[in-house]
Amino acid sequence: MTIIAGVERIEGESPAVVQGAKHAEAFDEDLHVVHVVSQSEFRDLEQDSLRETGKTVPVDDIRSFARKKAADVASRTTDDFEAVGLVGSAADEIIKYADSHNASYICVGGRRRSAVGKALFGSVTQDVLLESNCPVVTHVRPAKK
């Protein structure tokens, strides 16, 4: 079985990877660190490429870009992981990936936000918590002052 850590492009250690690595070690399971490029990010990269080169960007190149981001974030915490890059809705893609790999846990980070902020902008962490078929471990980072 597998532990999934969903990550964003952040500076420093990812709380999701920290928790994922702890769970993977404790349960002797593989750690897969997943970064998802959203459809809007993908469109932006496509438009930039069309403007600069006149060519579209193959989706496999975008997955490779996302995999490199996952590896960059994970490598700040552990050397024992598989980096995964996906394209789509972050929560949906993380949950689908976890289901397809029979994940024991999904580890995600979160940001402290007001109730209005959550209602207006949604939350990948919240969606994963509500929709996942396996247990979810989350770490909420304190708001910056």
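Colleague: Before we start, buried means under 20% relative accessible area, exposed over 50%, and partly exposed in between, with a 1.4 Å probe and protein chains only. What does Tyr-105 count as?

Modeller: Happy to help! This is a predicted model, where local features need pLDDT of at least 70, side-chain atom pairs count only at pLDDT 80 or more, and totals for chains, interfaces and linings use all residues. Residues are numbered from 1 along each chain as its sequence is written, and side-chain values use heavy atoms, with hydrogens and water left out. With a relative accessibility of 23%, Tyr-105 counts as partly exposed.

Colleague: Thanks! Which residue forms an aromatic pair with Tyr-105?

Modeller: Rings of Phe, Tyr and Trp (its six-membered ring) pair if their centres lie within 6.5 Å; planes under 30 degrees apart count as stacked, over 60 as edge-to-face and the rest as tilted. The structure has 1 such pair. Its centres are 5.6 Å apart with 20° between the planes, so it is stacked, and the partner of Tyr-105 is Phe-27.

Colleague: How many residues apart are Phe-27 and Tyr-105?

Modeller: Helices (H or I, at least four residues) and strands (E, at least two) are DSSP runs, numbered from the N terminus. Phe-27 belongs to helix α1 (residues 15–27) and Tyr-105 to strand β4 (residues 103–111). The pair thus links distant parts of the chain, 78 residues apart.

Colleague: And why is Cys-107 not bonded to Cys-134?

Modeller: A disulfide is a pair of cysteine sulfur atoms within 2.5 Å, and the structure holds 0 of them. Cys-107 is buried at 0% relative accessible area, and Cys-134 is buried at 14%. Their sulfurs are too far apart for a bond, at 9.1 Å.
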